[in-house]
Structures are given as C-alpha cells and as structure tokens.
Amino acid sequence: MEQDLRAYFEKDMPSTENIRVQYKLLRNGPTQTGVTYPKYYVWATISSNDRIISEGAARIVAVDGTQFVVTDFVSKNQITSDPGKVQNIFPPALISNILALAGEK
C-alpha cells in the first residue's frame, strides 16, 4: 500500500526524490460490501526533507489483490475549511476520528 500511496502523491509533486508517505489505518481491516473491491481508510502524511507537505484522509481500493488505488483524498486543509466534505466519502463511524485528526472538534 505504501508504494501505491507514494506513486499517487508523487504525480503532483515537482520533485519526488525525497517524498515520504506514512499512513495510519482508520479501521483495522478493509470494508467490503457485496462484490465490490475491499476499501481501506487511512490518514496519510506526505513529507519531504522532514517537512510535512500535506496530510489528510484517503479512501483506497484494493484492486484484484495486485494494487491499491486512491479513489479519494481530502487534505487536512480541506477538512478544516469544509468538515462536511468527508461525509459523502467516508463511513459515518470514521467521521469523528477524521475530524479529530484534522484538528476539528
């Protein structure tokens, strides 16, 4: 997952040599409904040279057991400016945790 997360964030970065992505699962395992691909929810922190570039909540889909695809990323700045933005993307049980990680009450 870390490699695919890094590839997702690197595509918008001018220089990728020092990009580091750390993530924390927001739920212990994947969420899967019916025949859909399993979804993971993470809090990702993207840094370069020990400086945080961005952080936020991401929804990631495990595709055919071979790769992870980021379907949605909502940055901490987006969450603090519009906390309702996460409600259509993330499960209700995760919203309070995401808001707390973003510094919202």
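The following legends describe close-up views of a predicted model of one protein chain.

Residues are numbered from 1 along the chain as its sequence is written. In this predicted model, local features need pLDDT of at least 70 and side-chain atom pairs count only at pLDDT 80 or more, while totals for chains, interfaces and linings use all residues; side-chain values use heavy atoms, with hydrogens and water left out.

**View 1. The whole chain and its order of elements.**
The protein chain holds three helices and four strands, arranged along the sequence as α-β-β-β-β-α-α. Helices (H or I, at least four residues) and strands (E, at least two) are DSSP runs, numbered from the N terminus. The C-alpha atoms occupy a box of roughly 40 × 35 × 20 Å along the principal axes. The radius of gyration of the protein chain is 14 Å, which agrees with the value near 13 Å for a compact globule of 105 residues. This radius is taken over C-alpha atoms, and the globule rule is 2.2 Å times the number of residues to the power 0.38.

**View 2. Surface, burial and charge.**
About 6300 Å² of the protein chain is exposed, and carbon and sulfur atoms supply 45% of this area. Accessible areas come from the Shrake-Rupley method with a 1.4 Å probe, and for residues only the protein chains shown count as cover. Of the 105 residues, 38% are buried. Buried means under 20% relative accessible area, exposed means over 50%, and partly exposed lies in between (1.4 Å probe, protein chains only). There are 11 positive and 11 negative side chains, and the centres of the two sets lie 6 Å apart. Lys and Arg count as positive and Asp and Glu as negative, without His and the chain ends; each charge is placed at NZ of Lys, CZ of Arg, CG of Asp or CD of Glu.

**View 3. Strand β2 and its two partners.**
Strand β2 spans residues 39-48, and nine of its 10 residues are buried. Strand β1 (residues 19-25) pairs with β2 in the antiparallel sense over seven bridges, with K24 opposite W43 in β2. Strand β3 (residues 51-63) also runs antiparallel to β2, joined to it by 10 bridges. In β3, I60 is the bridge partner of Y40. Two strands are taken to pair if DSSP finds at least two bridges between them. Strands β2 and β3 form a hairpin with two residues between them, and N49 in the turn has a positive phi of about 50 degrees.

**View 4. The surroundings of T45.**
T45 lies in strand β2 and is buried, with a relative accessible area of 16%. Beyond residues up to four places away in sequence, T45 touches R20, V21, Q22, I52, S54 and E55. Contact means heavy atoms within 4.5 Å. Over the protein chain, 35% of the contacts between residues at least 6 apart in sequence join residues at least 24 apart.

**View 5. Two loop residues, T31 and N88.**
T31 is found in the loop between β1 and β2 and is partly exposed, with a relative accessible area of 22%. Leaving aside residues up to four places away in sequence, T31 touches Y37, P38, K39 and Y41. The C-alpha atoms of T31 and D82 are separated by 25 Å, with their positions 51 residues apart along the chain counted as the offset. N88 lies in the loop between α2 (76-81) and α3 (92-102) and is exposed, with a relative accessible area of 73%. N88 and V70 are 18 residues apart along the chain, and their C-alpha atoms are separated by 16 Å.
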